[in-house]
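Welcome! Take a moment to turn the model around before reading on. The report below starts with charge and then moves through the fold to a few chosen places.

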Amino acid sequence: TCVPGGCSLSALFPVQSQLDCALDDAATQQEKENIVNEYLERLGEKEDLKIPDFQTGLEWLNTRGPLSLNNELSGKVVLLDFFTYCCINCIHILPALHQLEKRHTVKDGLVIVGVHSAKFPNEKVLANIRSAVLRYDICHPVVNDSEAHLWHELEVSCWPTLVLLGPCGNLLFSLVGEGHRDRLMLFADCALRHYGKQGLLKSHDVGIKLYKDSLPPNILAFPGKVAIDNGSKRLAIADTGHHRILVVSLNGQLLHVIGGPESGRKDGDVTEASFSSPQGVAIKGDVVYVADTENHLIRKIELLEGKVTTVAGVGAQGTDREGGAMGTTQPISSPWDVTLGTLGEKVQDNVLWIAMAGTHQIWALFLADGKLPKVSESKAGVCVRWAGSGSEENRNNSYPHKAGFAQPSGLALAPEEPWSCLFVADSESSTIRTLALKDGAVKSLIGGERDPMNLFAFGDVDGKGVDAKLQHPLGVAWAPEQSLLYVADSYNHKIKVVQPKSKLCNTLAGTGEVGDTLGPELIKTSFNEPGGICVGDGGKLLYVADTNNHQIKVLDLVSKTVSRLPIITECTDSAPIRSVPSTKAPKFPKSAAKKEMAPVSVAAGQTVVMSLTLSLPEGAKLTEEAPSCWTLSAEGTEWLLDHQVTTGDITDLSKPLVVSAKLPPEFKESPSDPKLTLAVWIYYCLETGSACTMKAASFSQPLNITACLGEVEEVTVALAHAF
């Protein structure tokens, strides 16, 4: 329909439905292009199909300011991507959008705009959308249409929906759902050619400014999952944003780094292997299984052999909802979590359970011959669906194939009686479900409601069964000693605890608000979309992947205290590992203060401690959304800082920032003019008004290397700076 304010998609459907039918019948690419070109010619003769502009006052990301169809986007072919960041189908189309952006630039006349129309209340918050934009490496403008005004005006009905506009903001095409890569490329190519020939395209810049370019460095980036091997006392961490797996000791000592920092898809030696946004991890002894989510693969890391192999998936998104082929020939879709289990009594750990978020199912990868209940015998290497019809539903059923899940994203195994089940964090239905190991029956534990089609029964309510409410939970962990289930209630920014017998769910930790505080009590600790959780020390400790805070938090359930797990990057392991790449620091401004300190005498083996007192202008405070940071460098003599932490966050200016550098026990060469440089980036806002700024400063400390300084182990240098 067209009204004075603009047209909606219903005005486009009659003409595009004829186009779609004609394209389905076309045999060659040239035929398809001819059909689309004729369609564009016909559209030019119709009413202009112009849509309403973006509302004023909306929040924008990846731009220097708001964009308008009448100004900045005039003269461009514009692709609107209506998405909500929790949605696996929306995530699935991002590779096609990345491909399209490489194929046609803004200068060529194409601009992609993500229109974020939230499903969950948590997704309306700009900071949370910003985290998702960074997590999924979205490099085009995104507008936070939190009240879905444009969604309603255009009569959009589902996520994802793509709408292609001509250079006057006029409707051309729409594509609903995923799986339309070829047609999207065809439509975009033809539209750019058509309007280019007419001279209606403009090559101007639209003011894109990527937020990721100003980010401070961090050892972890959006860690998705964390798993523990209580036998070897090691943690496996999916460092999702850095496309790698870290294996650390329980005190945070880094033992292995596999993959990263860029995404890729390579097997082989651990020093060369690569992943793409890995999520689930399962560690047992010297073997780590990985849900390599955006590669649509299951990978196996053998730490002793130092190699990575693919054990399931073909490297492209699959649509098969049955499975049954050998792992490396079986296409799979967005595996989000994995956990080891045992079927039968003969062979331990003979199956890897997979939360297949992309097809809304639970799958099994057989590591040895075995048999699923109600399914025929399977050979080692077979990858097969066990539960879930593939329809996105909250449907419980005593027959596993008739049950329905909605983006299952977390698994926890409880093999012992009376539980004998898999606990499933079913994120899009906001429920925790059970899958019985004996017969495959799928039942509700907590959350959601009884209508299997209602995926909007979410909230933040403690209680029993369906009276309890969650918001997009991503992780579950089982504590067998206490018979308790712990839940990462991601969009409520909480950790909850469930008693499966009574189905009682209570908040254990978290304020319910986004933050990064450590108590003083569990309930006063704050998280930011925690996505992974595991249980250690006989149920006394919880390790939480606090995803958007880029860290692992440790909850001590005995002392009721919380701490951050420090990742200690000095590697002592003898196995081949990849050195930890430092994340890109913000660009150092020309106007930044640079201070040269007086030389200090030091000897080999000593620790140089730089104690820096920083003060802000009166009435200013640190900006939480853009964490301040520091870096330590030794230009020209980088070996002075080998295997040491050279970056970190600054969260508190009430006490000095203390940065230590332990010099090597002996110098292999006599360094020429050695010096350490401590640089800081401080983001702060004035409490009165909304003025925010970023300031930087560097402090160069020359070192006089002497033969011996007696028994002194540390040399402390006091520094101070006022912004």
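The chain carries 65 positive and 84 negative side chains, and the centres of these two sets lie 2 Å apart. Please keep in mind that you are looking at a predicted model.

**The whole chain**

Seven helices and 47 strands make up the secondary structure of the chain. The radius of gyration is 27 Å, close to the 27 Å that the globule rule gives for 723 residues, so the chain is as compact as a globular protein of that length. Along the principal axes, the C-alpha atoms fill a box of roughly 90 × 70 × 45 Å.

How much of the chain counts as buried? The share is 57% of the 723 residues. The accessible surface comes to about 29800 Å², and carbon and sulfur atoms account for 51% of that surface. Contacts can also be sorted by how far apart the partners sit in sequence: among those with a separation of 6 or more, 61% join residues 24 or more positions apart.

**Two residues side by side**

Now let us visit two places in the chain, S131 and I208, beginning with a short table.

| Residue | Location | Relative accessible area |
|---|---|---|
| S131 | helix α5 (residues 126–135) | 11%, buried |
| I208 | loop between α7 (181–197) and β9 (226–229) | 25%, partly exposed |

Why does S131 count as buried? Its relative accessible area is 11%, and the cut-off for buried is under 20%. Setting aside neighbours within four places in sequence, S131 is in contact with F222 and N548.

I208 belongs to a loop, the one between α7 and β9. At 25% relative accessibility, I208 counts as partly exposed. Which residues touch I208, once neighbours within four places in sequence are left aside? They are N62, T63, R64, V106, C139 and P141. One of these partners, N62, shows how the chain folds back: N62 and I208 are 146 residues apart in sequence, yet their C-alpha atoms are 5.7 Å apart in space.

**How far to trust the picture**

The chain averages a pLDDT of 91, and 94% of the residues score at least 70. Over residues 571–584, however, pLDDT stays under 50. The model has 36 contacts beyond four places in sequence for this stretch. Where pLDDT is low, the predicted coordinates should not be read in detail.

Key. Residues numbered from 1 in each chain as written. Predicted model: local features only at pLDDT ≥ 70, side-chain atom pairs only at ≥ 80, totals over all residues. Heavy atoms only, no water. Helix = DSSP H or I, 4+ residues; strand = E, 2+ residues; numbered from the N terminus. Rg over C-alpha atoms; globule rule 2.2 N^0.38 Å. Buried < 20%, exposed > 50% of the residue type's maximum accessible area, 1.4 Å probe, protein only. Contact = heavy atoms within 4.5 Å. Areas by Shrake-Rupley, 256 points an atom, 1.4 Å probe, with all protein chains shown as cover. Lys, Arg positive; Asp, Glu negative; His and termini not counted. Charge placed at Lys NZ, Arg CZ, Asp CG, Glu CD. pLDDT = per-residue confidence, 0-100.
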